[in-house]
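Got your viewer ready? Load the model, show it as a cartoon, and we'll walk through it one selection at a time.

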Amino acid sequence: MKKLLCLACMAALLASCSCDPTPQKSFLDLARARFAVREYAQVPVEQAKIDSILEAGRLAPTAKNVQPQHIYVLQSEEAIAKINQLTRCAYHAPVVFLVCYDTDLVWTKDGANSGDMDCSIVGTQMMLEATELGLGTCWVKWFEPAEVAAAFNLPANHKPSFLMPCGYAAEGVQPHANHFSRKPLSETVTYK
Ligand SMILES: Cc1cc2nc3c(=O)[nH]c(=O)nc-3n(C[C@H](O)[C@H](O)[C@H](O)COP(=O)(O)O)c2cc1C
């Protein structure tokens, strides 16, 4: 009985402890683990994972906090067939996020707007959350925005920024050589 009580106390202590006993991946580990996946297993993505990915995007900062993003989750058979007809870079993933921004809401200055920038921050957070959840993604710009907008009957104010196929990587998929080719900081950073 005494032993049992002791064990219960230890379990309660562990549960109340703010330090998680499972080792956590650092942010850099997560960033290193992500790579462009271009071949997907034909299995659906759980709704809870889609929800978490969308939540990660929702938390992103946007210019003036106007949150101009609008994300279409393409996952029906019809939508997936359609997007694969419109671009060779949807890669037959079970889910494709079509990330748009609202031209009526987006922050605008001197004829330019922050739409693609806002969407990119949203997308990056989504991408890394997908990685954290064991899913593969690929950032895709290889499509005609006007064609995609027409095919999915988007309102005129929803401008497609990029596509993000998402799903479990097909068995044996490895990163392309590009993934391992990054310039040294000495080429891309200048201290002044
Ligand atoms: C803005 C942008 C556009 C991209 N467009 C495409 C695309 O249309 N098709 C594709 O297969 N990959 C595309 N990619 C993926 C890049 O080719 C890939 O991220 C890069 O080669 C580095 O490889 P890694 O993601 O595996 O590290 C794009 C990436 C970015 C950031």
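## First stop: the sheet

Start by selecting β2 and β6: they run antiparallel and are joined by 8 bridges. Keep in mind as you click around that this is a predicted model. For a landmark in this pairing, pick V99, which stands opposite F162 of β6.

Now colour β6 on its own, residues 158–167. Is this strand enclosed or open to the outside? Of its 10 residues, 9 are buried, so β6 is largely enclosed by the rest of the structure.

Next, add β5 to the selection. The link from β5 to β6 is antiparallel too, with 2 bridges. Click T137 and look across to C166, its bridge partner in β6.

On to β1, and with it β2 at residues 95–102. These two strands pair in the antiparallel sense over 6 bridges. Q69 is a handy place to zoom in, with Y101 in β2 as its bridge partner.

With those strands highlighted, you have an open sheet of 4 strands in the order β1-β2-β6-β5, paired antiparallel. Which strands stand at the edges? They are β1 (69–74) and β5 (136–137), and each has a single partner strand, so one side of each is left without a neighbour in the sheet.

## Second stop: the helices on top of it

Show α5, residues 115–132, alongside the sheet. This helix lies across β1, β2, β5 and β6, and runs at about 15° to β6.

Keep α5 on screen and bring in α3, residues 47–58. At what angle do the two helices pack? It comes to about 145°, with the axes 7 Å apart. The crossing of α3 and α5 is right-handed. To see who makes the contact, show side chains for S52, I53, A56 and G57 on α3, then V122, Q125, M126, E129 and A130 on α5. Colour that contact by class and you get 5 nonpolar, 3 polar and 1 charged residues.

## Third stop: the ligand and W142

Centre on the ligand and select what surrounds it: 13 residues, the closest being F35, A36, W142, N178 and H179. By class, this shell divides into 8 nonpolar, 3 polar and 2 charged residues.

Stay with W142 for a moment. You'll find it in the loop between β5 and α6, the latter at 145–151. Is W142 buried or exposed? It counts as exposed, because 11 other C-beta atoms lie within 10 Å, and the cut-off for exposed is 12 or fewer. Leaving aside residues up to four places away in sequence, W142 touches T87 and C89. Draw a distance from W142 to L86 as well: they are 56 residues apart in sequence, yet 9.5 Å apart in space, C-alpha to C-alpha.

## Last stop: zoom out

Reset the view and show the whole protein chain. How many helices and strands does it have? There are 7 helices and 6 strands. Trace them from the N terminus and the elements run α-α-α-β-α-β-β-β-α-β-α-β-α.

Try colouring by burial: 26% of the 192 residues count as buried. If your viewer draws a contact map, take the contacts with a separation of 6 or more: 80% of them come from residues 24 or more positions apart.

How values were computed: Residues numbered from 1 in each chain as written. Predicted model: local features only at pLDDT ≥ 70, side-chain atom pairs only at ≥ 80, totals over all residues. Near = placed C-beta within 6 Å. Nonpolar A, V, L, I, M, F, W, Y, C, P; charged D, E, K, R; others polar. Buried ≥ 20, exposed ≤ 12 C-beta atoms within 10 Å, placed from the backbone. Contact = placed C-beta atoms within 7 Å. Pairing = 2+ DSSP bridges. Axes fitted to C-alpha atoms, helices over the stretch in contact; angles between N-to-C directions. Left-handed = near helix turned anticlockwise from the far one by under 90°.
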